[in-house]
Amino acid sequence: MSRGKKGWFGISVLAVVLLLLVLRSCGEDCEDKGVAMPRATVTATATVTATPSPIGSQVGEPVDTVLKRVKQTGLSIGVHDASEKDETPGGDWTVCFEKVTLSKVEFAAVPDRAPCPNKDGKRIPWPKMPDVKGITYGKAVQMLADDAGHVVLETAYQDDYAYDRDNESGDFANWKICFQNVKTGRPLTYEPEIILHAVRKGEACPSVKGLYKDPAHDPANVEPAPDSDYDSGSSDDDWGSSGGSSSEENDYYPGDKGGCPPGGCYNPCPPGGCR
């Protein structure tokens, strides 16, 4: 073997020996370092999962339903009056506002059928009754549909007929409104029933509700019928036939001895008796 070949062979052997020494010195320490990072990742993931998650928006839902949903999340719950009155909310109240954190959810609610205030703690903006006199029943139903429980039509005259409810296009849609049972400008709290008295299209409204279109139909203008049981001559005739003395059977003529029988004579006796 030449001197050059011997030199390369010596270098190769030395390199192999150094590599074996490095691998042997790392040993089990290198293996432990390689699996440490995955174990740390698993631990971090478990910590995030244990944190409660916020619920979705519950605005517009009944309080009873909301409480059942929130209890399943493990969050603390609070409910208060959304208006300025600070009343205790009931189960049928409706949620207007909510504030959710990682540990608690607070709801602000109003009574059923009440509108939400513009801001938590402000006055409830109840709608007010408009003036519907002079417009048709159909248009009045459209105006009041969202604010009234029911819109009822009745006639303004006693001797006419009309009745409808919440119908903007029925047979009475073109009747003209004369009177309304709720005063203009009054708050429509809790969607009350509104009664409207109307007349047929083209007719004039009465001066007051409850008059008669035809005065002859008014009982106050009708003379009472005569009493059929009363007969001006019947009592006299009956008395004459029963209590009079025209019948020969009831006539009495004094006998030979004179005098009147018990009960008197037919003709009154003069003083001293009859002869």
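1. Leaving aside its neighbours within four places in sequence, H197 of this predicted model is in contact with E154, T155, A156, K176, I177, C178, F179 and K209. The residue itself has its place in strand β7, and H197 is buried, because its relative accessible area of 9% falls under the 20% below which a residue is called buried. One of the contacts of H197 can be described further, since the side chains of H197 and E154 are joined by a polar contact of 3.4 Å.

2. The strand that holds H197, β7, belongs to an open sheet of 4 strands, whose order is β5-β4-β7-β6 and whose pairing is mixed. At the edges of this sheet stand β5 (163-165) and β6 (176-180), and because each of them has a single partner strand, one side of each is left without a neighbour in the sheet. From one strand to the next, the twist averages 30°.

3. Within this sheet, strand β4 (residues 150-155) and β5 run antiparallel and are joined by 3 bridges. A reader who wishes to follow this pairing residue by residue may begin with V152, whose bridge partner in β5 is R165.

4. Which helix lies across the strands β4, β5, β6 and β7? It is α3 (residues 137-144), which runs at about 160° to β4. The buried residues of α3 are Y137, G138, A140, V141 and L144, and, seen down the axis of the helix, they fall within an arc of 160°, so they line one face of α3. These buried residues pack against β4, β5, β6 and β7, whereas the face of α3 turned away from its buried side carries the exposed residues K139 and Q142.

5. The loop between α3 and β4 contains G149, which counts as partly exposed at 30% relative accessibility. Although G149 and Y190 are 41 residues apart in sequence, their C-alpha atoms are 7.9 Å apart in space. Once its neighbours within four places in sequence are left aside, G149 is in contact with D166, E191 and P192.

6. There is also an open sheet of 3 strands, in which the order is β1-β3-β2 and the pairing is again mixed. Here β1 (76-81) and β2 (94-100) stand at the edges, and as each has a single partner strand, one side of each is left without a neighbour in the sheet. Neighbouring strands of this sheet are turned against each other by 25° on average, when direction is ignored.

7. How many bridges pair β1 with strand β3 (residues 104-110)? There are 6, and the two strands pair in the parallel sense. Among the residues involved, G78 has E106 as its bridge partner in β3, and H80 has A108 as its bridge partner in that strand.

8. On the other side of the pairing scheme, β2 and β3 pair in the antiparallel sense over 6 bridges, and they form a hairpin with 3 residues between them. A bridge that can be located in this hairpin is the one from V100, whose partner in β3 is V105. As for β3 itself, 5 of its 7 residues are buried, so the strand is largely enclosed by the rest of the structure.

9. A helix lies across this sheet too: α2 (residues 63-71) lies across β1, β2 and β3, and it runs at about 160° to β1. When looking at the strands of either sheet, it helps to remember a general point, namely that in a regular strand the side chains alternate between the two faces of the sheet.

10. For the chain as a whole, the count is 4 helices and 7 strands, and, read along the sequence, they follow the pattern α-α-β-β-β-α-β-β-β-β-α. Of the 275 residues of the chain, 21% count as buried. The chain exposes about 19,700 Å², of which carbon and sulfur atoms supply 53%. Finally, if one takes the contacts in the chain with a separation of 6 or more, residues 24 or more positions apart account for 57% of them.

Key
Residues numbered from 1 in each chain as written. Predicted model: local features only at pLDDT ≥ 70, side-chain atom pairs only at ≥ 80, totals over all residues. Heavy atoms only, no water. Pairing = 2+ DSSP bridges. Axes fitted to C-alpha atoms, helices over the stretch in contact; angles between N-to-C directions. Contact = heavy atoms within 4.5 Å. Buried < 20%, exposed > 50% of the residue type's maximum accessible area, 1.4 Å probe, protein only. Arc of directions from axis to C-beta. Polar contact = N/O pair within 3.5 Å; in protein donor to acceptor, adjacent residues only side chain to side chain. Areas by Shrake-Rupley, 256 points an atom, 1.4 Å probe, with all protein chains shown as cover.
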